[in-house]
Amino acid sequence: MAITERTSWLEPRPGGLYCIPGDFYIDPSRAADRAVITHGHADHARPGNNHVLATHETVAIAEARYGSAAGRSFQRVKYGEVTHMNDVSIRLVSAGHVLGSAQVVLEHQGQRIVVSGDYKRSRDPTCAPFEVVTCDIFITEATFGLPVFRHPVAADEVARLLASVAATPDRCHLVGVYALGKAQRVIALLREAGYSDTIYLHGALQKLCSLYQRLGVDLGDLAPVAGLPKQALTGRIIMCPPSSLADRWSQRMPSPVTAVASGWMRVRARARQRGAELPLIISDHADWDELTATIRDVQAGEIWVTHGREDALVHYAQSLGLEARALSLVGREDEDDQDAEVAAAPEVAGADD
Amino acid sequence: MQAFGELLDRLSTAPGRNVRLDLIAAYLQAAPDPDRGYALAALAGDLSLRTAKPAMIRELAATRADPDLFRMSYDYVGDLAETVALLWPAEFRVNATPRLSEIIHAMESARRVEVPDLVAAWLDRLDATGRWALLKLITGGLRVGVSGRLARTALTRLGDVGLAEVEEVWHAVEAPYAPLFDWLEGRAEKPSLTDALTFRPLMLAHPLEVSDQERLDLSDYRAEWKWDGIRVQLVLRCGQARLFSRTGDDISRAFPDLLSDLTGDAVLDGELLVMRPDGIGTFNDLQQRLNRKTVTAKLQTEQPVGLRLYDILIDGDRDCRDLAFDDRRQVLENWAARHPSPRIDLSPRVPLSGWEEMQQARMDPPHPAIEGLMLKRGDSTYHAGRPRGLWFKWKRDPHRVDCVMMYAQRGHGKRSSLYSDFTFGAWRDGELVPVGKAYFGFTDAELKELDRFVRTNTVERYGPVRAVNQTLVLEVAFDGINRSRRHKSGVAMRFPRIARIRWDKPANEADDLETLERLIPGSFGDG
Ligand SMILES: [Zn+2]
Ligand SMILES: [Zn+2]
């Protein structure tokens, strides 16, 4: 479907979404002079920006990741606080994605645009819930923008993990999770389910777990896995980045059950690709029902879709009679979406011809 | 159905044989009758269920999903059953999920026109995992890396019995196997097989490796020809006769000429061959007798079949399987002498004189219907399955392996209307890994049959490629094999061709990737 180019005071540029009257980028894909950052994931918060406006937590996460490269000066805001750049008003409201994640509510000349960044509507004990803000133009992600993606209740998935732990006391459980957000959410859900044993962490997860704890998120008793003898880990839960599941590090574990917590686990071919023996469908992104409900809730006449499976969501919005277009933003390889483009078709062994 | 769905779901990602075994055993211990019996049959590939066509599933999906969204979803997921299972809208008013037995009974008794509504109602009552399992089950596409043997091994955990005993009883009972569970769980005696015309599991041979030649003491072994027919078991009891394939399928109806006037009480192991007054026919002759719905008198005259005996399992009321091979041979010779028939003869023994001479005999056998030599330990009792170190097969052409058809593609030129390019795979950890592709070696008549197989067994389409039910064994011949980084399997065959289509052979008895790897020059044994 042909997209007619319209002019607006917010426009997609090679460097990211750019607000013309405010002269700033939102989640710029390359270093910008002025940046509003929705949340701490690496495809949204990049190093090297000059002036950064973000929530306190997002700045803390960026500093933990990038140190002094996180930005030259910061404007740390609370949810709901209104600031101005030229004649654009800016307000960050919670997006429910990870700790500190925000939607950017922009108002200019009586028009309101909401840039939602990444978001979810389902419960997460480690961050504030998504807030619905009605608007004229709603800009949404579409990571899980197909009706096959319906995330089950995360607590039920964690219950499956605990059932597997109980059923196989002679093995350990290695849970592949992203370092920011997913790790802490799964730990917090385990605690809510009554699991009080020490949870062991791969080195790559320690920094952000400590930061969450400093920012007041209770994660219970955590310990580094490094240096522990193999037998001490039997029957334990160990969290690690998904990439570590397949590397030599995991071979030191006592007959591990490899679990992967990701929204992609809903599709079997993807679960097999990741080598997940126990796929757990836990995502920090909105599923199809959440995406479509949000499109209805915000009552916008116009929907822009940033990254993910845009076609289906654009199709859906158009079927509601809304204006809808896909923005092709470069550099949005979501933390949950690294292997999105790997075809689902199996390898067909080729002859040498 | 929900519990069975969860089992299949776990099996689909379970990494190894032992984990699969644990999962199946845990399910069998927890699930009620008769559901677990049907589940077991489904896993073992022994459930005969009227299947639903993919087209019907698509039509159902169209009643619940926007066609554009369905197409985009199917493109992404790539598997019809899974797409529909994930897309199907959840029904929140459900208070009971359907049981597996309920589904199977209803599928059996429903009229064809009623099936779509039935399936839709079940889909409404299940969650995504249950829906996926249901659709896989009714489209005949369960692929979770479980062989019948693995399923039966899990059964042995229910009681204190060995696999061989379970295997034997298995063939005497039908899904949902109530007498089998009763026996295993101590509620009843072992089902009696004495008067039953049932199949006894066969003893199978390992391929002879180079390293075996150095290790084996030839004086312990007896040699006989490996005939190029199909391995069968003949069961004679109370004036009745049954012929079984190597997996226990009753194939009696296809061979009335063999079974019409046999006498005696016995269970015999042998090779089915075309036997004309002037000698033994080739495998090509025999193939004309396979996979036929009806057997014409003309065909019976042109390609008359007979049985060449290898072994005897039961003689009258005497179970001979505990006897040594040498003693069984004596019993067999006596039995054959007492029951002369133009349709039955003994496979002759081949005098053993040393590896060199055997090598010669193997490469240059006295008859074209011989495909190599068998070596059997003189003191070996008859064990179901493939015990190590007792029986060996030493084929004339070592570069032949049994693979399973996985994908098919249309050919070029005059073959462009037929599926004639086949990708085949070998087993690794219960899953097939593609190992090569071949597009010749078969006759035009065989090509038509292959094409028909592809069309009626398509489970997925990827552009011009069709994935098929992984049930058809292709015996593949090739000139050489090497390591390859470009192929997922790690091996590349030189000049592979379809030597023959093994309609008779079950897919789980095809070769393992490991067997292929051992054929790579420079690799010896497991090293
Ligand atoms: Zn994110
Ligand atoms: Zn993102």
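Here is a chat between a student and a tutor about a predicted model.

Student: Let's start with chain A. What makes chain A as compact as a globular protein of its length?

Tutor: First, the inventory: chain A has 7 helices and 19 strands. Its radius of gyration is 21 Å, and the globule rule gives 20 Å for 353 residues, so the two values are close and chain A counts as compact as a globular protein of that length. Along the principal axes, its C-alpha trace spans about 65 × 55 × 40 Å.

Student: And how much of chain A is buried?

Tutor: Of its 353 residues, 60% count as buried. That label goes to residues under 20% relative accessible area. As for contacts with a separation of 6 or more, 60% are between residues 24 or more positions apart.

Student: Why is A:Asp23 called partly exposed?

Tutor: Its relative accessibility is 37%. Buried would need a value under 20%, and exposed one over 50%. Since 37% falls in between, A:Asp23 is partly exposed. You'll find A:Asp23 in the loop between strand S2 (16–19) and strand S3 (24–26) of chain A. Its phi is near 55°, a positive value in a residue other than glycine.

Student: Over to chain B. Why does B:Cys238 count as exposed?

Tutor: Same kind of check. The relative accessible area of B:Cys238 is 55%, and the cut-off for exposed is over 50%, so B:Cys238 is exposed. B:Cys238 sits in the loop between strand S3 (230–237) and strand S4 (240–245) of chain B, and its phi is positive too, near 50°.

Student: How do you know that B:Asp212 is buried?

Tutor: Its relative accessible area is 6%. The limit for buried is under 20%, so B:Asp212 passes. B:Asp212 is part of helix H13 (residues 210–215) of chain B. Leaving out residues up to four places away in sequence, B:Asp212 touches B:Pro207 and B:Phe392.

Student: What makes strand S7 of chain B mostly covered?

Tutor: Count the residues: 11 of its 11 are buried. Strand S7 (residues 305–315) also has several partners to look at.

Student: Which way does S7(B) run against strand S5 of chain B?

Tutor: Antiparallel, with 9 bridges joining S7(B) to strand S5 (residues 266–276). In this pair, B:Asp269 stands opposite B:Asp311. With strand S9 (residues 344–346), S7(B) runs parallel over 3 bridges, and there B:Arg308 has B:Asp345 as its bridge partner.

Student: How do you know that S7(B) and strand S8 of chain B pair?

Tutor: Pairing takes at least two bridges. S7(B) and strand S8 (residues 318–319) have 2 bridges, so they pair, in the antiparallel sense. The two strands form a hairpin with 2 residues between them, and B:Gly316 in the turn has a positive phi of about 65°.

Student: Why are S1 and S10 of chain B called edge strands?

Tutor: They belong to an open sheet of 5 strands, in the order S1-S12-S11-S2-S10, with mixed pairing. Strand S1 (206–207) and strand S10 (349–350) each pair on one side only, and that is what gives them the name. Inside the sheet, strand S2 (residues 221–227) and strand S11 (residues 370–377) of chain B pair in the antiparallel sense over 7 bridges.

Student: Last one: where are the cis peptide bonds in chain B?

Tutor: One joins B:Asp33 and B:Pro34, with omega about -5°. Another runs from B:Ala175 to B:Pro176, with omega near 10°.

Key:
Residues are numbered from 1 along each chain as its sequence is written. Chains are lettered from A and ligands numbered from 1 in the order in which they are written. This is a predicted model: local features need pLDDT of at least 70, side-chain atom pairs count only at pLDDT 80 or more; totals for chains, interfaces and linings use all residues. Side-chain values use heavy atoms; hydrogens and water are left out. Helices (H or I, at least four residues) and strands (E, at least two) are DSSP runs, numbered from the N terminus. The radius of gyration is taken over C-alpha atoms; the globule rule is 2.2 Å times the number of residues to the power 0.38. Buried means under 20% relative accessible area, exposed over 50%, partly exposed in between (1.4 Å probe, protein chains only). Contact means heavy atoms within 4.5 Å.
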